[in-house]
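Welcome to a short guided report. Please have the sequence and the model open side by side as you read.

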Amino acid sequence: AVDSASQKVSQNRELSNVPLKKGHKYTVRSLYQASLIYSANGAVMALANAVAGSQQKFVDMMRSQAKQLGIKDATIYTCNGLPNDEVSTGRYPGAPAKGENKLSARDMGLLSYYLLKKYPEILNTTKIKKMKFNNGTSNTEMENWNWMLPGLAKSYTELPVDGLKTGTSDKAGACFTGTVNKDGHRIITVVMGARHNGQNDLS
C-alpha cells in the first residue's frame, strides 16, 4: 500500500504524476515504469518508502551510494528531485524548505555510467514511448517525456536514443541525461539548465 506522503504528492496535477490511491496495492514494476517513463514523482516516493521504510532513510541510502561511486559534491534532499517543500511530510528533516538536490553534469554522467554498467536492462523501460498505468479503477496514459526516442518529436535517425531520463524544476531548468549505442559504443550526454521554452520543455 502507498504511504500518505507519496499518495498526497501523486495527486498534485502541477507535477508529473500518476494518481495513486489509498489502500490500493501497486506492484514494484508498475511504480518503476511510472517513474522512468512518466517521471511520476509520487511513484518514486512510494518505491523509496517500500525499499527503506521512509523517505529520509532512502535519501540517506542515496547519499551513501553517491559517495561509494565517487560523487562527493552532491546535495540530496529528496528521492525524486522535487524541492524539499514539495514532498509533503516526506521532506528531509532539518533541511531548508526550498532545498533542492544538486548534482553536477559530471556527477550525472558518472551515476549514469555505473547504472548502465550494472543494470543495462533499465534501457528496456526507458525506451518505452507509451504505456498505460493501472491505478485500480482507471488507467493513466503515460507518454515518455524523452522526445528524442525514435519516432518522437525530437528524434534523430543517426542517433537512436534509448534512454535515459529527463528532469525539470523552476530552479534547475530543463535537464536531460541521454544515452545511445552508436557504432558499438555506449554514449552518455548530460544537458543541464536549459531554458524552458514552450514545447521544448523537458519534464
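## A serine and its neighbours

Leaving aside residues up to four places away in sequence, Ser35 touches Ala40, Ala43, Val44, Leu47 and Lys165. Ser35 itself belongs to helix 2. Is Ser35 buried or exposed? Its relative accessibility is 10%, so Ser35 counts as buried, the cut-off being under 20%. Please keep in mind throughout that this is a predicted model.

## The nonpolar core

Let us turn to the core. The largest nonpolar core contains 15 residues. Within this core, the residues with the most contacts are Val18, Leu20, Tyr26, Leu31, Ala34, Phe133 and Met142. Helix 2 (28-38) and helix 3 each contribute at least two residues to this core, and helix 2 gives the largest share, with 4 residues.

Val18 is a good place to look around. Not counting residues up to four places away in sequence, Val18 touches Ser10, Ala34, Tyr38, Ala40, Phe133, Thr140 and Met142.

## The hairpin of strands 1 and 2

Two of those neighbours lead us to strand 2. Strand 1 (residues 130-134) and strand 2 run antiparallel and are joined by 5 bridges. Together strand 1 and strand 2 form a hairpin, with 4 residues between them. In the turn, Gly136 has a positive phi of about 110°. If you would like to follow the register, Lys132 has Glu141 of strand 2 as its bridge partner, and Met131 has Met142 of strand 2.

Which side chains of strand 2 are buried? In a regular strand the side chains alternate between the two faces of the sheet. Strand 2 (residues 139-143) shows such an alternation: Thr140 and Met142 point to one face and are buried, whereas Asn139, Glu141 and Glu143 point to the other face and are not buried. Met142 is also listed among the residues with the most contacts inside the core.

## Helix 3 against helix 4

Two packed helices are described by the angle between their axes and the distance between the axes. For helix 3 (residues 41-52) and helix 4 (residues 55-68), the axes come within 8 Å and cross at roughly 85°. Helix 3 is therefore roughly perpendicular to helix 4.

Which residues make this contact? Helix 3 brings Met45, Ala48, Asn49, Val51 and Ala52, while helix 4 brings Gln55, Lys57, Phe58 and Met61. By type, the residues of the contact of helix 3 with helix 4 divide into 6 nonpolar, 2 polar and 1 charged.

## The three-stranded sheet

Our last stop is a sheet. Its 3 strands form an open sheet in the order 3-4-5, with antiparallel pairing. Strand 3 (163-169) and strand 5 (185-194) are the edge strands, each pairing on one side only. From one strand to the next, the twist averages 10°.

Strand 4 (residues 173-182) pairs with strand 5 in the antiparallel sense over 8 bridges. As an example of the register, Ile188 in strand 5 is the bridge partner of Thr179. Helix 5 (residues 105-118) lies across strand 3, strand 4 and strand 5, and helix 5 runs at about 145° to strand 5.

Methods
Residues are numbered from 1 along each chain as its sequence is written. This is a predicted model: local features need pLDDT of at least 70, side-chain atom pairs count only at pLDDT 80 or more; totals for chains, interfaces and linings use all residues. Side-chain values use heavy atoms; hydrogens and water are left out. Buried means under 20% relative accessible area, exposed over 50%, partly exposed in between (1.4 Å probe, protein chains only). Two strands pair if DSSP finds at least two bridges between them. Axes are lines fitted to C-alpha atoms, for helices over the stretch in contact, and angles run from 0 to 180 degrees between N-to-C directions. Angles under 35 degrees count as roughly parallel, over 145 as roughly antiparallel, 65 to 115 as roughly perpendicular and the rest as oblique. Contact means heavy atoms within 4.5 Å. Ala, Val, Leu, Ile, Met, Phe, Trp, Tyr, Cys and Pro count as nonpolar, Asp, Glu, Lys and Arg as charged, and the others, Gly among them, as polar. A nonpolar core is a set of buried Ala, Val, Leu, Ile, Met, Phe, Trp, Tyr and Cys residues joined through side-chain atoms within 4.5 Å.
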